[in-house]
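Let us walk through this structure step by step, beginning with a term that will be needed on the way.

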Amino acid sequence: MDYRFELITEKNIQNQIATPSYVVSEAALRGNLEILRHVSDETGCKILLAQKAFSMYFYYPLIGRYIDGVTASGLYEARLGYEELCKNEITDLGGAGKKCENHVFSPAYCEAHMEQLLQFCDHIVFNSFAQWKQYRDRALGAGKECGIRINPECSTQEHSIYDPCAPGSRLGVTVSDFEEAELEGISGLHFHCLCEQNADALEQTLAAVEAKFGKYLYQMKWLNFGGGHHITRTDYDVDKLIKLVKHIQEKYQLQVYLEPGEAVALNAGFLVTQVLALVQNGEAHIAILDASAACHMPDVIEMPYRPPLYGSGERGEKPYTYRLAGPTCLAGDIIGDYSFDAPLKIGERLIFGDMAIYSMVKNNTFNGMPLPDIAALREDGRLQVVRQFGYEDFKCRL
């Protein structure tokens, strides 16, 4: 996979910034957006940024030029999308003004949040018919387009924590619980069943959706395919995606939405860190960094996965192998085992790739760890620090 390390290693940009820092490349981001724009141009589908994966609103004006809006999983994401992108008209790539859409889905809405969501959002998707009936009059009275999330009960992945179609899932209405008599006022249906997958998984999922819910699609204005589509990955079958979108739109005469989060910022970000200490325990050589898996890249533990690291190899592939670890007191604050051509040195900079998605949105201050800076690597080569954090950011949460 192309992690675009050359964007940050050229001119030794990694040495121009404090550590730890997230750095997001404008050029890589635009490259992803161009692929997504190609899909929407070829099909007429609408594409939204799922903010749960990437919420660096510094880049929202750029993102909004290429795609059609954002989607939120809760009140604060909905407000962020509204204030930073959807509130005002922006200029499309073609030079015309447009308003971006703001969608929201939550497994359950609370009374205290609904009034604000009705101010911020254009589309509201409900997880159950009970919640739809609870808020129907207010949502329709506010002129909102409303949808129901469906569960096609079609699992295509092995990560159970990310499988909304697993038995007993709390996400989406199954066909056996679908209330056909309550569809008046519903504009569309929504499903989200994929996680970092290719178009073949979507094809399998759509077959299940059509088999179980196809008769209802003829009544709908739109169908939202959700997220988890790795559209900007180098091996992704974009042509198949285009074919699938066209099939649904033409057969049911409705608007298709896609909600990629990862695909927008895939391989567009880096985490720059440095070696604080070198320790040894038996045969294990350990490098303690100023970046933490637990605090700064939680998906390393939660997913789990081993993030790409510039200039490294697998354990034992190169002459010098180290276990890279964070500085917290958590015994399991381990990033992974990597090998290098030369011994690591205290103060040496290391660069992790694919650190735009599910990093800034999930990080935390466990152990009083400072949050990394956030920086933008502009297309002209400038490094612009967008946000720095301090003690008050830790204290104010407590």
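A residue is called buried when its relative accessible area is under 20% and exposed when that area is over 50%. The model is a predicted one, and helix 5 is a place where both of these words can be put to use.

In helix 5, which spans residues 111–120, the buried residues are M114, L117, L118 and F120. Seen down the axis of the helix, these buried residues fall within an arc of 160°, so they line one face of helix 5. The face turned away from that buried side carries the exposed residues A112 and Q119. An α-helix has 3.6 residues a turn, so residues three or four places apart point the same way. Among the elements that cover the buried residues of helix 5 are helix 4 (75–86), strand 6, strand 7 and helix 6.

Strands 6 and 7 lead on to the barrel, which is closed, consists of 8 strands in the order 2-3-6-7-8-9-10-11, and has parallel pairing. From one strand to the next, the twist averages 25°. Within the barrel, strand 3 (residues 69–72) and strand 6 (residues 101–105) run parallel and are joined by 4 bridges, with V70 standing opposite N102 in strand 6. Helix 6 (residues 129–141) lies across strand 7 (123–126), strand 8 (145–149) and strand 9 (186–190), and it runs at about 175° to strand 8.

Another pairing is found between strand 17 (residues 373–377) and strand 18 (residues 383–387), which run antiparallel and are joined by 4 bridges, A375 having V385 in strand 18 as its bridge partner. Strands 17 and 18 form a hairpin with 5 residues between them, and in the turn G381 has a positive phi of about 95°.

Terms used:
Residues numbered from 1 in each chain as written. Predicted model: local features only at pLDDT ≥ 70, side-chain atom pairs only at ≥ 80, totals over all residues. Heavy atoms only, no water. Pairing = 2+ DSSP bridges. Helix = DSSP H or I, 4+ residues; strand = E, 2+ residues; numbered from the N terminus. Axes fitted to C-alpha atoms, helices over the stretch in contact; angles between N-to-C directions. Contact = heavy atoms within 4.5 Å. Buried < 20%, exposed > 50% of the residue type's maximum accessible area, 1.4 Å probe, protein only. Arc of directions from axis to C-beta.
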